[in-house]
Amino acid sequence: MNIDEFDARIRAVPNGGVTSAQGFMAAGVHAGFRKDPKRLDMALLVADEVCPVAGTFTQNRFCAAPVTVSRAHLGGVGYGMARGVVVNSGNANAATGGVGIAAAHETCDIASQVLGCEPEQVLVSSTGVIGQILDIEPFEEGIPAAADALSRAAGSDAALAIMTTDTHPKEYAVTYESQAAGYLGSTFTVGGCCKGSGMIMPNMATMIALITTDAPVRPETLHGLLRSAVDQTFNRVTVDSDTSTNDTCIMFASGKAAPMLDPIDEGSDAYQELERAIYVVCEALARGIAADGEGSTKLVTVTVSGAATPQDADTAARAVANSPLVKTAVAGHDCNWGRVAAALGKCGVVFNQEDVDIDIMDIPVCRGGLTVPFDEDEALRRFEAPEIVIAADLGAGDASCTVWTCDLTHDYISINADYRS
């Protein structure tokens, strides 16, 4: 498949989100996890019927109770069949021991009774403060209320309900008409929503994300599609180098857009189309997380090329993206390429400094490891853009990697110093 030709055919869904794909409804309600009665704090995403589902989860060893339970409901392999997912904000249900596990299981029990499915066909996720016992009472009233409010139009309410320190909901969806053999003329949609603003560092999918598609896909195939997208998007976002205890990315496939057609096979043209569509949605959501980093004013895209191996490129790009000195320089509109060079030099990747080129906002600032005179006034003007692009070529090979981050401001400290208040 020619990616450029496919990208020309793919279309963003106006105001699209997690319920843009056929076969899904959602709701967001105030269940009582938060004190503010006007703030939505519990989301419910439901498929019309039990369907394939896949998930990726945090690798943090302090993983939350809902992560443990959802992993188990996916058979320990990351995929299976499910009807829906319940997400609460305001309490992470992490570091809560057996009590937390019991609360996660009871949440699934309540939802299964309301939805008419098995408890194992419900997934659960939580986000918020770590180490606080999760009260089950809000679920007892909130889940039935959310079930009554389910609709395709309420996907935006679900996106609002899963937010913590996010400044706005993050939603995106695309649609495309397949040109693949066996699916010619079928229109498929991929949509999603996510939350993420702080405690963001790649090691799975650094946030909570809910993704849907109406394409026909087997559970194991869906898992492969999701893993590929996660590795290339959510796993390349970093705000503050902290991996959360609750990171979860769940994807459902209803098959409603082509109910009479066979499931899409791995490696087929239809698979490549769907893989690209999922990537586009996840990339948009991942960039949204980076742009909404706590206290941030800029989205920062860091690309390292010319590395000897893909791992070297990844390591070097993360070193730049996580550098407080680089991030504060961006906040101060300071085109200080020396901070980029220092971050590259400390990361352990082998290269010769005499081979390194660095550009900031398409301005050559370093060539062959040496400074290049540039117009400081022009640099200041380019730093007014909402996205700052830093590119480094190590001159050591052909591998490259792109990571998304944000600048570091005084507000990051203020937000996190007051997080529990």
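In which helix does Glu-137 lie? I looked this up in the predicted model and found Glu-137 in helix α4. I then checked its surroundings, and Glu-137 counts as exposed because its relative accessible area is 51%, where exposed means over 50%.

Next I followed the negative charges on the surface. I noted that Glu-137 belongs to a negative patch, together with Glu-106, Asp-109, Glu-118, Glu-120, Asp-135, Glu-140 and Glu-141. At least two residues of this patch come from α3 (97–115), and at least two from α4 (137–148), with α4 giving the most, 3 residues.

I turned to the backbone. Most residues other than glycine have a negative phi. I found that Asn-15 has a positive phi, near 55°, and that Asn-15 sits in the loop between β1 (11–12) and β2 (24–29), where its relative accessibility of 82% makes it exposed. Asn-93 also has a positive phi, about 50°, and lies in the loop between β4 (79–91) and α3, but Asn-93 is buried, with a relative accessible area of 1%.

Last, I looked inside. The largest nonpolar core holds 43 residues, and those touching the most other members are Val-190, Ile-211, Phe-234, Cys-249, Leu-274 and Ile-278. Among the elements giving two or more residues to this core I listed β7 (187–195), β8 (208–213), α6 (219–232) and α7 (269–291), and α7 gives the most, with 13 residues. I also recorded a second, separate core of 35 residues, which includes Val-304, Val-320, Cys-335 and Leu-394.

Definitions and conventions: Residues are numbered from 1 along each chain as its sequence is written. This is a predicted model: local features need pLDDT of at least 70, side-chain atom pairs count only at pLDDT 80 or more; totals for chains, interfaces and linings use all residues. Side-chain values use heavy atoms; hydrogens and water are left out. A nonpolar core is a set of buried Ala, Val, Leu, Ile, Met, Phe, Trp, Tyr and Cys residues joined through side-chain atoms within 4.5 Å. Buried means under 20% relative accessible area, exposed over 50%, partly exposed in between (1.4 Å probe, protein chains only). Helices (H or I, at least four residues) and strands (E, at least two) are DSSP runs, numbered from the N terminus. Patches are made of residues with over 30% relative accessible area and no salt bridge: like charges are joined within 9 Å, nonpolar side chains (Val, Leu, Ile, Met, Phe, Trp, Tyr) within 5 Å. Accessible areas come from the Shrake-Rupley method with a 1.4 Å probe; for residues, only the protein chains shown count as cover. A salt bridge is a side-chain nitrogen of Lys or Arg within 4 Å of a carboxyl oxygen of Asp or Glu. Lys and Arg count as positive and Asp and Glu as negative; His and the chain ends are not counted. The place of a charge is taken as NZ of Lys, CZ of Arg, CG of Asp or CD of Glu.
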